[in-house]
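Subject: Handing over the structure

Hi,

Here is the structure I promised you, with my notes on it underneath. Have it open while you read, and click on each residue as it comes up.

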Amino acid sequence: MTTAQPLAQPARAVVTSYKDAPTRTVSAGGVDFAYRQPGPTPGVPGVFLTHLAAVWDNWDPRFVDGVAAKHRVIPCDSRGVGAASGSTPNAIDAMATDAVVFIGALGLEQVDLLGFPMGGMIAQLIAADEPAINEAAQDFRTFGAAVETVEADLATFEGVDKLYAATKG
């Protein structure tokens, strides 16, 4: 008697291009959060937090693709902005709470946070209030000093590599 063996599934190609990453949603805390997830899945992912009134598409695809070549990145839309449902919170701490809810809904225990200006403020609050979630928070040109800022040349992918190297100690 022979037992049928399941067919081997072909290896799924890693999507490293922002434009080719499918749009996904996850529901949590009464919000449908929209996001993309390019990059290889091993390791701690980077959650990208945007500036005031920005949607995930405000991240330069060349920057996202450069990071996604080596790291999984998760640019997302915040509550009430872009493809996310709900009403926009009127306080940074509420936005930080939403980001923590989003991260939890994805089942992630630890992330690197990268924020650009307001997103950096949100990352700082998460770093201070939820240190177990945050492996490394980096903010670019953000007002505030809760987290040490690593200056990186964002015009080059070498700057991104320096950023990640600095966060890993």
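One word to settle before we start: a residue is called buried when its relative accessible area is under 20%, and exposed when that area is over 50%. Also keep in mind that this is a predicted model.

**The overall layout**

The chain has four helices and six strands. If you walk along the sequence, you meet them in the pattern β-β-β-α-β-α-β-α-β-α. There are 169 residues, and 44% of them count as buried. Among the contacts with a separation of 6 or more, 61% are between residues 24 or more positions apart.

**The aromatic rings**

How many aromatic pairs does a search of the whole structure find? It finds five. Let's start with Phe48 and Trp59: the ring centres are 4.8 Å apart and the planes are at 50°, so this pair is tilted. An angle under 30 degrees would have made a pair stacked, and one over 60 edge-to-face. Phe48 is in strand E3 (residues 46-49), while Trp59 is in the loop between E3 and helix H1 (61-68), so the pair ties together parts that are 11 residues apart in sequence. Both Phe48 and Trp59 are buried.

Trp59 has a second partner, Phe63. Here the centres are 5.9 Å apart and the planes are at 15°, so the pair is stacked. Phe63 is buried, as Trp59 is.

Elsewhere, ring pairs link Phe33, Tyr35 and Phe102 into a cluster. A ring can also have a charge over it: the charged end of Arg36 sits over the ring of Tyr18, 4.8 Å from its centre.

**A closer look at Phe48**

Phe48 deserves a second click. Its relative accessible area is 1%, which is why it counts as buried. Setting aside neighbours within four places in sequence, Phe48 is in contact with Trp59, Phe63, Val64, Val67, Val73, Ile74, Pro75, Cys76 and Leu114. Try Ala123 as well: it is 75 residues from Phe48 in sequence, but the two are 9.2 Å apart in space, C-alpha to C-alpha.

**Two helices that cross**

Next, turn the model until you can see helix H2 (residues 92-105) and helix H3 (residues 118-129). Their axes come within 9 Å and cross at roughly 70°. That makes H2 roughly perpendicular to H3. Which residues meet there? From H2 they are Ile92, Asp93, Met95, Ala96, Ala99 and Val100, and from H3 they are Met118, Met121, Ile122, Leu125 and Ile126. Sorted by type, the residues of this contact are 10 nonpolar, no polar and one charged.

**An unusual backbone angle**

Most residues other than glycine have a negative phi. Ala53 is not a glycine, yet its phi is positive, at about 65°. You'll find Ala53 in the loop between E3 and H1. Is Ala53 buried or exposed? Its relative accessibility is 69%, so it counts as exposed.

**Three more residues to click on**

- Ser17 is in the segment before strand E1 (24-28). Its relative accessibility is 16%, so Ser17 counts as buried. Not counting residues up to four places away in sequence, Ser17 touches Pro38 and Asp65.
- Gly39 is in the loop between strand E2 (31-35) and E3. With 7% relative accessibility, Gly39 counts as buried. Leaving out neighbours within four places in sequence, Gly39 is in contact with Val14, Val15, Thr16, Ala68, His71 and Arg72. The C-alpha atoms of Gly39 and Ala69 are separated by 5.9 Å, although these residues are 30 residues apart along the chain.
- Asn134 lies in strand E6 (residues 134-139). It has 12% relative accessibility, so Asn134 counts as buried. Not counting residues up to four places away in sequence, Asn134 touches Gln110, Val111, Leu113 and Ala127. Between Asn134 and Gly46 there are 9.9 Å from C-alpha to C-alpha, and the two are 88 residues apart along the chain.

If you only have a few minutes, go to Trp59: it makes a tilted pair with Phe48 and a stacked pair with Phe63.

Cheers

Technical notes: Residues numbered from 1 in each chain as written. Predicted model: local features only at pLDDT ≥ 70, side-chain atom pairs only at ≥ 80, totals over all residues. Heavy atoms only, no water. Phe/Tyr/Trp six-rings, centres within 6.5 Å; stacked < 30°, edge-to-face > 60°. Helix = DSSP H or I, 4+ residues; strand = E, 2+ residues; numbered from the N terminus. Buried < 20%, exposed > 50% of the residue type's maximum accessible area, 1.4 Å probe, protein only. Lys NZ or Arg CZ within 6 Å of the ring centre and 35° of its normal. Axes fitted to C-alpha atoms, helices over the stretch in contact; angles between N-to-C directions. Parallel < 35°, antiparallel > 145°, perpendicular 65-115°, else oblique. Contact = heavy atoms within 4.5 Å. Nonpolar A, V, L, I, M, F, W, Y, C, P; charged D, E, K, R; others polar.
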